[in-house]
Every structure is written in C-alpha cells, then in structure tokens.
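Let's take a walk through this structure, a few residues at a time. Keep the model open beside you and find each spot as we get to it.

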Amino acid sequence: MPSKPVLWITRALSDNTLARARKDYDVILDPADNPASAQSIIEHSQKVDAIIPCHSEIFTENVVNQLHDRVRIIANHSVGVDHCNLKAFEKRGIVVTNTPDVLSDATAEIAFLLLLGAARKAVEGDTLVRSGQWTTWSPSFMVGQQVTGKTLGIIGMGKVGQVMAKRARGFDMVVHYHNRSRLSAQEEQGAVFHESLDTLLPKCDYLSLHCPATEATKGLINTDTLAKLPKGAILVNTARGALVDETALLESIESGHLYAAGLDCFATEPCGNPALAKHQNIFTLPHIGSATYDTRDAMGFRALDNLDAFFSGAEPRDRLV
Ligand code: DGY
C-alpha cells in the first residue's frame with residue numbers, strides 16, 4: 001500500500017476535521033496549538049508533503065523561498081490569504097488553496113452583531129448592568145441609533161458581503177455597495193452599485209467592510225474616507241485590520257464624527273488596539289467571524305477536499321496559484 005502523504009496541521013482544527021484528516025494523511029499536529037513561527041514553518045517543511053495553515057501562520061517571500069522542495073501544497077484553513085505571499089508561492093510552483101463560501105453566514109452573523117451592538121450601545125449597557133452601576137432609567141437613558149430602514153454601505157460584495165446585504169434587507173435597510181465589478185441583477189437584489197467610494201460613502205448610515213486585504217485596499221478607511229461618511233455613521237469591520245488606519249479611526253471616534261464602530265479585526269492580532277478599546281462606543285471582538293462549530297467543520301472539510309483533489313491528481317476547487 002502506498003504511504004499516506006504527510007500533512008502538517010498547524011493549529012487545533014475541529015475534531016471532525018482532524019478525524020477525517022487522520023484517515024487519509026499522516027498528520028503532524030502540535031498539541032500546544034501555538035501560531036507557528038517562520039523558523040518552525042521552515043523546519044516542518046522538511047518532513048511534510050502538505051500544510052494546512054491558518055491566517056496565524058505568515059508565509060512571507062523569505063519564508064516561502066526557504067520551504068523545502070518536499071512541500072507541494074498549502075491548503076489554507078481560511079478564506080483570506082493576506083498571510084501568504086502568493087507570488088512567491090507561484091514562483092516556487094507550490095499550490096495554494098483557500099476556503100471561500102463556507103464561512104459567509106458565520107461572518108455575516110458577527111458583522112450584524114457588531115452593527116447592532118455598536119448602534120445600540122451594547123458595551124455601555126452591558127458594562128453598566130454587569131458592574132452593578134445601573135441605578136436609573138429614563139426616556140433619555142441609553143438612547144442609540146436605529147438600524148431598521150437605514151442605509152448600509154458594503155465594500156466588497158463577494159459571498160460574505162452578499163449574505164450581509166441579505167440580512168440587512170431583513171431589517172428593511174437600503175443597501176449600497178462598492179465592488180471591483182458590478183454584480184448581476186440577480187445577485188444585487190436591488191442593492192445600488194457605486195463605482196467609486198466617493199459616491200458610496202456619503203450615503204452610508206452604516207458601512208461594513210467585506211473586501212480582502214491587498215496592497216490596493218490597505219488603509220482604505222483613513223482620514224479622507226472617514227470624512228466622507230456622514231456625521232453619526234457607524235463602521236463595522238469583520239474583514240481584515242489592515243483595511244483600517246486605526247489612528248484615523250480613533251480620531252474620528254474622538255471627534256464625534258463617527259458615532260460608533262464594531263470591530264472583529266485589528267492591525268495587531270492577537271491583542272487588538274487598547275486605545276480603541278478604551279471607547280465604550282467601540283464594540284470589539286477577537287477575530288471570531290468564522291468561529292462557529294458548523295463553520296469550523298466546513299472550513300476544515302473544504303481544506304481537506306482541496307488536498308484530496310490535489311493528491312488524486314485533480315485540480316483543487318479553490319486553487320489560487
Ligand atoms: C478567514 O477565513 O479569513 C478568517 O478570517 C479566519 O481566518
């Protein structure tokens with residue numbers, strides 16, 4: 001019987017994923033579940049045919065260039081691949097895949113949680129009750145922004161953006177969006193396309209980010225773009241921290257131009273941004289957009305589907321390079 005390919009799974013994936021992986025691969029797994037350093041990635045590459053990493057493992061050009069020739073495929077357990085230098089992988093002839101589609105529902109749920117929480121003062125209210133300092137009530141107490149019927153702007157109308165738009169329609173929100181290309185009428189479902197942020201931003205009561213972090217989108221939300229939002233707007237980011245200039249965001253919150261923000265992603269992860277976290281009108285979560293049991297299984301299975309295809313000689317469905 002031919003030996004199984006050796007697969008390094010860098011982080012603790014779901015039990016169902018690990019059980020399935022062990023059937024078809026010789027799995028190497030670090031029980032400590034720490035992000036793998038550059039050195040550890042390079043060392044592991046000497047003894048494995050394939051890697052399933054998460055966005056916590058950073059494959060810079062330097063790391064990719066030092067990977068052992070034995071590694072043939074990186075089957076990411078993530079939709080975002082900004083932790084991978086794809087050009088360097090292409091040059092090395094190493095296949096890279098991701099896990100699109102399967103985390104759209106979970107991520108849109110967290111985006112909506114952040115949107116509602118930011119609008120309706122979830123942090124402030126929770127802190128008040130939890131700390132035993134809730135001593136009064138009046139009609140002017142804890143008044144927030146209504147969501148129903150307002151305008152939601154979406155930047156990045158891929159799968160997650162489209163689910164977000166669908167959930168927003170459940171709140172009778174009017175959806176406007178900016179995307180590299182306009183969607184079909186069927187996909188738009190009435191959402192209004194903007195070729196440029198200049199026309200989108202002034203319309204947004206709420207703005208939710210759903211585009212990948214690339215050289216082109218890094219710092220997309222900055223002093224200029226924030227100033228184009230109407231006063232009182234709310235920003236939601238469940239995509240990547242790199243999209244937002246956090247100094248500009250802080251200034252906008254502190255000046256009162258932005259009413260609130262909901263953030264699941266930060267420039268520095270793990271940790272976040274203590275200066276942002278000081279503000280009760282910033283609802284923060286620790287990058288858990290896709291963290292549901294269902295979605296973790298679906299992501300793991302999708303990564304394994306890509307590996308299975310590759311090792312059977314077929315084209316992996318989610319091949320990027
Ligand atoms: C993704 O899949 O990109 C999520 O951010 C989790 O890594």
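Start with His210, which sits in the loop between strand 9 (206–209) and helix 10 (223–228). Keep in mind that you're looking at a predicted model. Is His210 buried or exposed? Its relative accessibility is 12%, and because buried means under 20%, His210 counts as buried.

So who are its companions? The side chain of His210 makes a polar contact with the side chain of Ser208, at 2.7 Å. Now skip the neighbours within four places in sequence, and you'll still find His210 in contact with a list of residues that includes Ala111, Ile154, Ile155 and Gly156. Val160, Gly161 and Met164 are on that list too, and so are Thr238 and Ala239.

Next up, the aromatic rings. How many aromatic pairs does the structure hold? There are five. One of them joins Phe112 and Phe171, whose rings are stacked, with 5.0 Å centre to centre and 25° between the planes. Phe112 lies in helix 5 (residues 104–119), while Phe171 is in the loop between helix 7 (159–170) and strand 7 (174–178), so this pair ties together parts that are 59 residues apart in sequence. The two partners are worth checking for burial as well: Phe112 is buried, with a relative accessible area of 6%, whereas Phe171, at 30%, counts as partly exposed.

Tyr177 and Phe193 make up another aromatic pair, this one tilted, at 5.3 Å centre to centre and 50° between the planes. Tyr177 belongs to strand 7 and Phe193 to strand 8 (residues 192–194), so the pair links distant parts of the chain, 16 residues apart. Both Tyr177 and Phe193 are buried. Elsewhere, ring pairs link Tyr25, Phe310 and Phe311 into a cluster.

Finally, have a look at the cysteines. A disulfide is a covalent bond between the sulfur atoms of two cysteines. How many disulfides does a search of the whole structure find? Zero. To see why, try Cys84: the closest cysteine sulfur is in Cys54, 11 Å away, which is too far for a bond. For comparison, the cut-off for a disulfide is 2.5 Å between the sulfur atoms. Cys204 tells a similar story, because its closest cysteine sulfur, in Cys211, is 13 Å away and too far for a bond. As for burial, Cys84 counts as buried at 7% relative accessibility, and Cys204 counts as buried at 0%.

Technical notes
Residues are numbered from 1 along each chain as its sequence is written. This is a predicted model: local features need pLDDT of at least 70, side-chain atom pairs count only at pLDDT 80 or more; totals for chains, interfaces and linings use all residues. Side-chain values use heavy atoms; hydrogens and water are left out. Helices (H or I, at least four residues) and strands (E, at least two) are DSSP runs, numbered from the N terminus. Buried means under 20% relative accessible area, exposed over 50%, partly exposed in between (1.4 Å probe, protein chains only). A polar contact is a pair of N or O atoms within 3.5 Å; within protein, one must be able to donate a hydrogen and the other to accept it, and residues adjacent in sequence count only if both atoms are side-chain atoms. Contact means heavy atoms within 4.5 Å. Rings of Phe, Tyr and Trp (its six-membered ring) pair if their centres lie within 6.5 Å; planes under 30 degrees apart count as stacked, over 60 as edge-to-face and the rest as tilted.
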